[in-house]
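User: Please take a close look at a single part of this model, one helix and what surrounds it, and set out what can be said with care.

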Amino acid sequence: MFVTEWNSSALVKAATKAGKKKNALTPMTFSLLHATDFADRLLYKIVPPLKAGMIVLADRYTYTAFARDVARGVDREWVRDLYGFAVQPDLAVYFRVPIDVSLDRLLARRVKLKFYEAGMDMGWSSIPTESFRLFQSKVLDEYDKLVPEFGLTVIDAAGSITDQQHTFRQLVSTKLERQS
Amino acid sequence: MTNDADIQGAHGGVTPGHYYGHGLPYLSIDRYPGKIIALEGTDGVGRSTQIRLLREWLEVQGYGVVETGWTRSPLMQPTIELAKSSNTLNKLTFVLLYACDFADRLEKEIIPALKAGFIVLADRYIYTAIARAGVRGVDSQWIRRLYGFAIAPHLVFYLRIDADALARRVLEAGGMEYWESGMDMKAGDDIYDSFRSYQRQLLKEYAAMADEFGFRVLEGRKSVNTIQEELRRQVGEFLEGSGSPRLLTPEA
């Protein structure tokens, strides 16, 4: 088994970090940097374990970009074309949560919302929590469109972690049994 | 306005000054008064010299000029340098880093300059990216859609040269380097052979784009002055008919 996380390639880290620190990223450069990160991880971290017959667990996949970049105003079709090089996952699970729950959880964990996570770059509100609500609502709307388009399996993430994990394991084992 | 009409259709139906494809939906560029003039051509063909001379001339004519060049975005330059030196680039990340560099310059340099009525002189444009990707086997439709956020220039000049003349010129100017010799493609250890074979393939890619994107071809083997005269003639003709704003009255 192999785990890969969004935005973790060493190649792109420097540019992303610099861009985020200076709040210098536009929706387009944000989108392209994340696609570069994904391409780098696809080649070095995703394809080799797949070839070796391992299971790759991806914490976020192309759908994150489809939802987030489009919420920032990047063209819907363009970003799908951009990721045309990605490997289709065998199972894509979407943990759906209402905006209030996600905001509460984030605020409980951290002192401050991150600039881009809260969509502060869009300039919709100078109040971080308000900006987060506006931006992430758009992101969630996009996810809802992705569910039928890409056949994502939805797990209700407002429930307890135990329940979610139970459903998740069942989904995965069914998938694995069917494929073996 | 004759030139504008000529160019229309030559860019795959896209009017100069408009996005090639989906563009940046959040950034409208309608009726911006500036103009983009791109100079394309392979490594060492003499683009930068021509750009410098053209810029001087345009400024004397009273035009405001902004220059933009490949991989010069402050956001991406350090990463691209690092990636080139560390040997971890593959054809996809190569293409995407370039696209990111271009997007950064488009939004931060090119579009603001167009809005302010400047002439943007582009030392290489998206065609260099398309040619390099093509040689490396990247899907040609995919890369064209990727650059759908680019703006079709008002004029694209292509400095054409053959691989043998180019090899001599690059050697005279200081020697062949790893990337412009296509050594990443692992065709062999001999840099001279690799350079010629790689540049030949690149030139083929550029040639294939000439009609598609309406290149105005200039012979790169001619003297710097001859090329510059031809450039000035064509640019002058275009600008006269385009109603481009001048910052100053031209010197007599």
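Analyst:
**Helix α4 of chain B**

Helix α4 of chain B covers residues 91-115, and because a rise of 1.5 Å is expected for each of its 25 residues, counted as 1.5 Å times one less than their number, the helix should span 36 Å, which agrees with the 34 Å between its end C-alpha atoms. Helices here are DSSP runs of H or I with at least four residues, strands are runs of E with at least two, and both are numbered from the N terminus.

This is a predicted model, in which local features need pLDDT of at least 70 and side-chain atom pairs count only at pLDDT 80 or more, whereas totals for chains, interfaces and linings use all residues. Residues are numbered from 1 along each chain as its sequence is written, while chains are lettered from A and ligands numbered from 1 in the order in which they are written.

α4(B) has a kink of about 45 degrees centred on B:L106, the bend being the angle between axes fitted to the seven residues ending at a residue and the seven starting there. The helix is mostly covered, with 18 of its 25 residues buried, that is, with 20 or more other C-beta atoms within 10 Å of their own (exposed means 12 or fewer, partly exposed in between, with C-beta atoms placed from the backbone). After α4(B) comes B:G117, which has a positive phi near 85 degrees.

From chain A, A:M28 in helix α2 (residues 27-51) touches B:A103 and B:E107, among others, a contact meaning C-beta atoms, placed from the backbone, within 7 Å. A:M28 counts as buried because it has 26 C-beta neighbours inside 10 Å.

Technical notes. Contact = placed C-beta atoms within 7 Å. Lists of a residue's contacts leave out its neighbours within four places in sequence.
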